[in-house]
Amino acid sequence: MVLSWKQPTFIGGADITGYFVDYRQVVDGVPGKWHEANVKAVSDRAYRVSELRENRKYQFQVRAANMAGVGIPSMPSDTFLCEEWTIAVPGPPHDLQVREVRSDSLVLLWKPPVYQGRDPVNGFYVDIKEGDAPEEAWRGVNTKAAEKTYLKVKNLKEGETYVLRVRAQNKAGVGKTSDVTEPVLALTKPGTKEIVVQVDDDGVISLNFEYSDLTPNSKFLWSKNYEEITDTSRLTIETKGSKSQMVFNSPGEDDVGVYSCLVTHTDGASSSYTLSEEDLKRLLKVSHDHKFPIIPLKSDLAVELQEKGKVRFWLQAEHMSANGKVDYVFNDNILSQGEKYKMNFDKNTGVIEMLMESLTPADEGTYTFQLKDGKATNQSSLVLIGD
């Protein structure tokens, strides 16, 4: 038989490291002696007890363990008859968890059924109702089966209390419903913050989450698509005090997904950020612009003939600081202020110019103004050849 259970409401001063399952046989309504089903603690909140006999009745209890030891056992379960389950549809999903509760939405997570039925599970349906509403008030959240084991439930009414459940389906149909969640109040708690995406001056893209009301045992737990992040080659997580940052080492298409952060030992502080393909492209462009910033130009390099044959090369930059510099280049050679060339750079207007007394056949070639202002650069060229 497969037993599943919920996490204790109070987990003590340290994180739960595992669970122990006990079972006892019930004969003519009289419970027998408790037996341990697992000697080694299990981390999942579902366990297959394999030492039972067919057509016998059993009860179960569960004990949680952490670094401090093993807690008191749960209340004994109902009495169950051990008989083979041969139905074609899946069993019930289990281990429902509610995250990211806001005034108008929440995220529901669950684990797939241990018993999948005649065919593999191919989707899930989430049901919801108001906490005090009758059973007939249950209604479906999604009309199309969800492929993932999580779903964002939207359009909640602020201040209303809800309960939720999940059903799994396979080719044979939809199976039994899961246990119902604890009542959830649709309310954004004061001080709630969301994950913020940032691109720093070096072009590094990161997700950032902050939560100030930490406890001594609180930890920031990041996940992708609500699963533990195991590939640390693509992501670097840094936490200092009340702030946690997840940095994309080399962002690409493999990084598209839903990123969430949960703060343990709090009243459910959590948030998520969906990185779509479009969002990734936008962030990569911003990152490139930060790594290789461009000085914007109001006008490209131009040439004009003035009185008495003087020649003026000029362009206008959108903005340059007082530290901005310009290199004047002719055929790959940098020109200097002197008798032949007169350079001016008006940093108030952004106008950059170079004056020549006259043009000769020796002046045929390419003229380039190269601009630099901190990390920002730009250049503009003009070619004078032939006629």
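In this predicted model, Phe-313 is in contact, once its neighbours within four places in sequence are left aside, with Leu-301, Ala-302, Val-303, Ile-352, Glu-353, Met-354, Met-356, Tyr-367, Phe-369, Leu-382 and Leu-384. Phe-313 is also one of the residues with the most contacts inside the largest nonpolar core, which has 21 residues. The points below begin with the cores and then turn to a hairpin, two buried loop residues, a small sheet, an annotated domain and the cysteines.

**Nonpolar cores**

- Besides Phe-313, the residues with the most contacts inside the largest nonpolar core are Tyr-328, Ile-352, Met-354, Phe-369 and Leu-371.
- Two or more residues of this core come from each of strand E26 (311-317), strand E27 (325-330), strand E29 (341-346), strand E30 (351-356), strand E31 (365-373) and strand E32 (376-384), and E26 gives the most, with 4 residues.
- Another core lies apart from this one and has 20 residues, among them Leu-207, Trp-222, Cys-261 and Leu-275.

**The hairpin of E29 and E30**

- Strands E29 and E30, both of which contribute to the largest core, run antiparallel and are joined by 6 bridges.
- These two strands form a hairpin with 4 residues between them, and in the turn Gly-350 has a positive phi of about 80°.
- Asp-346 stands opposite Val-351, a residue of E30.

**Ile-295, a buried loop residue**

- Ile-295 is placed in the loop between helix H1 (277-291) and strand E25 (297-305), and with a relative accessible area of 2% it is buried.
- Although Ile-295 and Thr-377 are 82 residues apart along the chain, their C-alpha atoms are separated by 5.5 Å.
- Leaving aside neighbours within four places in sequence, the contacts of Ile-295 are Ala-317, His-319, Met-320, Leu-371, Lys-372, Asp-373, Ala-376, Thr-377 and Asn-378; of these, Leu-371 is also among the residues with the most contacts inside the largest core.

**Ser-103 and the sheet around its loop**

- Ser-103 sits in the loop between strand E9 (94-99) and strand E10 (106-111), and it counts as buried because its relative accessible area of 15% is under 20%.
- The C-alpha atoms of Ser-103 and Leu-185 are separated by 8.3 Å, while the two residues are 82 residues apart along the chain.
- With neighbours within four places in sequence left aside, Ser-103 is in contact with Leu-156, Lys-157, Glu-158, Ala-186, Leu-187 and Thr-188.
- The two strands that flank this loop belong to an open sheet of 3 strands, in the order E9-E10-E13 and with antiparallel pairing.
- E9 and strand E13 (150-153) stand at the edges, and because each has a single partner strand, one side of each is left without a neighbour in the sheet.
- Direction ignored, neighbouring strands of this sheet are turned by 20° against each other on average.
- E9 and E10 pair over 4 bridges in the antiparallel sense, and the bridge partner of His-94 is Lys-111 in E10.

**The annotated domain**

- An unreviewed UniProt entry places the feature "domain: Ig-like" at residues 183-276.
- Over residues 183-276 the chain is 0% helix and 47% strand, and the C-alpha atoms at the two ends are 32 Å apart.

**Cysteines**

- A search of the whole structure finds 0 disulfides.
- Cys-82 is buried, with a relative accessible area of 12%.
- Cys-261 is likewise buried, with a relative accessible area of 1%, and belongs to the core of 20 residues.

Terms used:
Residues numbered from 1 in each chain as written. Predicted model: local features only at pLDDT ≥ 70, side-chain atom pairs only at ≥ 80, totals over all residues. Heavy atoms only, no water. Core = buried A, V, L, I, M, F, W, Y, C linked by side-chain atoms within 4.5 Å. Buried < 20%, exposed > 50% of the residue type's maximum accessible area, 1.4 Å probe, protein only. Contact = heavy atoms within 4.5 Å. Pairing = 2+ DSSP bridges. Axes fitted to C-alpha atoms, helices over the stretch in contact; angles between N-to-C directions. UniProt positions renumbered as here; feature names shortened; annotations may be inferred. Disulfide = S-S within 2.5 Å.
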